[in-house]
Amino acid sequence: MKVYFDHNATTPLHPEVKKEMAEAMEMFGNPSSMHAWGREARANVEDARKRVAGFIGAGEDEIVFVGSGSEANNTVLSLFICATNQCIPGTKMRSTIITTKIEHPCVLETSECLAHRGARVKYLDVDRYGKIDLDQLESMLGDDVGLVSVMMANNEIGTFQDIETISKMARSCGALMHTDAVQAVGKVPVDVNALGLDFLTISGHKIYGPKGVGALYVRKGTPYCPFIRGGHQERGRRAGTENTLGILGLGKAVEMRQLEMAGEAERLGALKAALRKGIEERIDDISFNGHPTDSLCGTLNVSFPGAEGESILLYLDLEGIAVSTGSACASGSLDPSHVLLATGVDAERAHGSIRISLGRESTMQEVEYMLDVLPRTIKRIRDMSTAYIKGGTHAASR
């Protein structure tokens, strides 16, 4: 049996997305060209822009198509070096950025880079569930803060942040507000105006769309500096010939999310609850990571002391089950998850954690198969361990 439980890393193309992209394969015109071929491509790009904008309550001219969620996040953060150095005409913006210790690596690594280039970066702590401390945020805010960047839903543990409240706090002191909503858009309703956002990041391949395309929401009138220069595309905000097929696929993916999201959330919530209950009943000495209720309906992160996450992943893979040990962008790293460490999980438990992320095609039959395979996998790994001790008894002596 083949079971794909790694939807937070990437999702398969929705059949309707695949169909629409296949039908448009002959559309090769450059959207910037004025002839018929170019106008056809431009019309498709603008139709997709309308769909994406409508899905998050934005205006069409507030959507910038980009190559990925990482590019969108880099664009927002790098804006503050441009502003500090007055690359944006007539603008001298504050150079302090506030973010969290559990952001995606594309935010954390870019923030570190900007700190070496003159920006000041402050990092918010999180509690055991991955929630930021609003009092700490309040203490960090001031007239030096230009941007607050807090992800809407964490990619590893699924915990949601109260973006509306955070946004109000940021804007009350004159700071701009950005949220990496890559894991949230398409899974929960998102309205940029209700949330009070200035920037929001979307990625196509997280919502059953194609890879290599994303979108950045930029509130009209917000200071902006292109991250990629060299052309007039995207109203001068992102140079480079538009990925017409990718953009079209993103537009269709958004349309399908609009139709399926609500029903899917309820179904995935039930599958997650069954999976969590089954793991609790069948495996001793475990702990769940992330908020128990205020989290993504399809994300479950579990620690298994005495079993390395990589070993669990590989043994499950041999049984036809795909899971993750954390962020796909950190694959190959021997370091424990920075997200779990930030929540207070010790290094050993962090190393023994896996992320199970369900999707639109996940079934109860797959959950039951997982609950059959996982307990014996953990037992097998623990029995081979020379270090695992539960209740003062070495695993190999039981």
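Visitor: Is Glu 319 buried, partly exposed or exposed?

Guide: In this predicted model, the relative accessibility of Glu 319 is 28%. Buried would require under 20% and exposed over 50%, so the class that applies to Glu 319 is partly exposed.

Visitor: Which residue does Glu 319 meet in a salt bridge, and how many residues apart in sequence are the parts that the pair ties together?

Guide: The side chain of Glu 319 meets that of Arg 376, with 3.2 Å from N to O. Because Glu 319 lies in the loop between helix H10 and strand E11, while Arg 376 belongs to helix H13, the pair ties together parts of the chain whose separation in sequence is 57 residues.

Visitor: Which residue of helix H2 forms a salt bridge with Glu 46, and is that residue buried or exposed?

Guide: The closest N and O atoms of Glu 46 and its partner, Arg 49, are 2.9 Å apart, and both residues lie in helix H2, three residues apart, which is about one turn of the helix. Glu 46 is partly exposed, with a relative accessible area of 23%. For Arg 49 the relative accessible area is 1%, which makes this residue buried.

Visitor: How many of the residues of strand E3 are buried?

Guide: Side chains in a regular strand alternate between the two faces of the sheet, so each face can be considered separately. On one side of E3, Thr 96, Ile 98 and Thr 100 are buried, and on the other side Ile 97 and Thr 99 are buried as well. Strand E3 is therefore largely enclosed by the rest of the structure, the count of buried residues being five of the five.

Key
Residues numbered from 1 in each chain as written. Predicted model: local features only at pLDDT ≥ 70, side-chain atom pairs only at ≥ 80, totals over all residues. Heavy atoms only, no water. Buried < 20%, exposed > 50% of the residue type's maximum accessible area, 1.4 Å probe, protein only. Helix = DSSP H or I, 4+ residues; strand = E, 2+ residues; numbered from the N terminus. Salt bridge = Lys/Arg side-chain N within 4 Å of Asp/Glu carboxyl O.
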